[in-house]
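Colleague: Before the model is shown, may I ask that each term be justified as it arises? I should like to see how a value leads to a name.

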Amino acid sequence: MSDLQERAAELDAADRLAGVRGDFVLDDVVYLDGNSLGALPVNVPGRVEDVVRRQWGELRIRSWTESGWWTAPERIGDLIAPLVGAAPGQIVVGDSTSVNVFKALVGAVRLAGGPDAGRDEILVDAATFPTDGYIAASAARMTGCQVRAVRPDEVPAALGPRTAAVLLNHVDYRSGRQHDLPALTASIRAAGAVSVWDLCHSAGALPVGLDEHGVDLAVGCTYKFLNGGPGSPAYLYVRRAHQDAFDSPLPGWNSHAEPFGMRPEYEAADGAVRGRVGTPDILSMLALEAALEVWSRPDVSVGAVRAKSLALTDFFLECVAAYVPEGRVEVVTPREHAARGSQVALRCADAGEVMGRLIAAGVVGDFRAPDVLRFGFTPLYLGFAEVERAARVLARELS
């Protein structure tokens, strides 16, 4: 046994989250793609079967009230709230991340006053996930604004009296770089603009602090570190101070103050409910609710998860440095803890082929064009011995 293998065994023995692994369906594969799709929690299949067989099969329409279907978007939102540092009553679950980005961005421009108030520019993270950029362009056309792509570190200098809204990623999906949410949010607020944060790669992996740092609006998916399942519904955070003025571009009967009144005039509901649109996707939503139960364990907290995430990524980087031939890969992810999410990105010219070989060898990560190997570290179910093994297999496939 090598020194690093011994270290891995010692770290696993001291891991306070090691017992959580049993809450997930796993096998001998080293799964380092939880930042794309989280593993299946063991309690989800039984919950979904109950929803299908009893709630839908037996109670049918009665389940909207008797099984709590109608209130699920806000109830599940309140389960996500503490994971992103929000008080209850500010998050609603439903729709996709893309739809929620659209609602948030158009709503942000309207909150800022838009072109009528001289604010006709939307700043967007230049390295954002492409869909966020597409949505921003559409939101700009709809609101009479222009889009300007800037790097997050350029935002403070780019802000001005024309800035209506700023859409940023808390953690870059490709590199794993964590951006300075508190400082950037403060800069945006000082400029009189409205902040919109995409939390897809941070929620469930590291502290966010939406309320503490004065974030205006935020969106995120639930199928990565929150393990909600493929296509599980996303969420929208609307800061309580903005809820009365939040004007969604997608008003639907589910966000109406009197949804069953069937009135032709739209009147928005109070609170986070106005972020709803149409009928909730109950099957996926209740699977997500079951998946979130792991966060109710006394040994699970965002702080504990973040501490293990940093330990796992530190150890992986150490193993890569020890095993991988020098010059074969370049570490893209920042080494500084404050600037690192819960993934490690490595650059190599033949990344696509290498990832294919890794997956065939039982180490599952993913490839981002043109040359990035991306490895996600989900502390709830990943161990240090697996990390060491992954680095060892990577070295073999790169030799």
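**Strands, helices and loops**

Modeller: Let us begin with one pair: Val331 has Leu346 as its bridge partner in E10. The model is predicted, with pLDDT of at least 70 required for local features and 80 or more for side-chain atom pairs, while totals for chains, interfaces and linings use all residues. Residues are numbered from 1 along each chain as its sequence is written, and side-chain values rest on heavy atoms, without hydrogens or water.

Colleague: How do you know that E9 and E10 pair?

Modeller: Two strands pair if DSSP finds at least two bridges between them. E9 and E10 have two bridges, in the antiparallel sense, so they count as paired. The labels E (at least two residues) and H (H or I, at least four) denote DSSP runs numbered from the N terminus.

Colleague: What is the order of the strands in the open sheet?

Modeller: The four strands follow the order E9-E10-E13-E12, with antiparallel pairing. Strand E9 (330–331) and strand E12 (366–368) each have a single partner strand, so they are edges, and one side of each lacks a neighbour in the sheet.

Colleague: What makes E10 and E13, and then E12 and E13, partners?

Modeller: Five antiparallel bridges link E10 to E13, and three link E12 to E13, which spans residues 372–376. Arg374 in E13 is the bridge partner of Ala345, and Arg374 is also the bridge partner of Asp366.

Colleague: Why is E10 said to be largely enclosed?

Modeller: Four of its five residues are buried, so the rest of the structure largely encloses E10. Buried means under 20% relative accessible area, exposed over 50%, and partly exposed in between (1.4 Å probe, protein chains only).

Colleague: Which helices lie across these strands?

Modeller: Helix H10 (residues 302–323) lies across E9, strand E10 (343–347) and E13, at about 25° to E10. Helix H11 (residues 351–360) lies across E12 and E13, at about 40° to E13. Such angles run from 0 to 180 degrees between N-to-C directions, with axes fitted to C-alpha atoms, for helices over the stretch in contact.

Colleague: Which residues does a cis peptide bond join?

Modeller: Ala369 and Pro370 are joined by it, with omega about 5°. Pro370 is placed in the loop between E12 and E13.

Colleague: Is Asn227 buried or exposed?

Modeller: Asn227 has 2% relative accessibility and therefore counts as buried. It belongs to the loop between strand E7 (217–220) and strand E8 (235–238), and its phi is near 60°, a positive value in a residue other than glycine.

Colleague: Why is Met262 called exposed?

Modeller: Its relative accessibility is 59%, so Met262 counts as exposed. Phi of Met262 is near 55°, again a positive value in a residue other than glycine, and Met262 lies in the loop between E8 and helix H9 (282–291).

Colleague: What does Thr222 touch?

Modeller: Contact means heavy atoms within 4.5 Å. Leaving aside residues up to four places away in sequence, Thr222 touches Ile80, Asn227, Gly228, Ser232, Pro233, Ala234, Tyr235 and Leu288. Thr222 is in the loop between E7 and E8, and with 0% relative accessibility it counts as buried.
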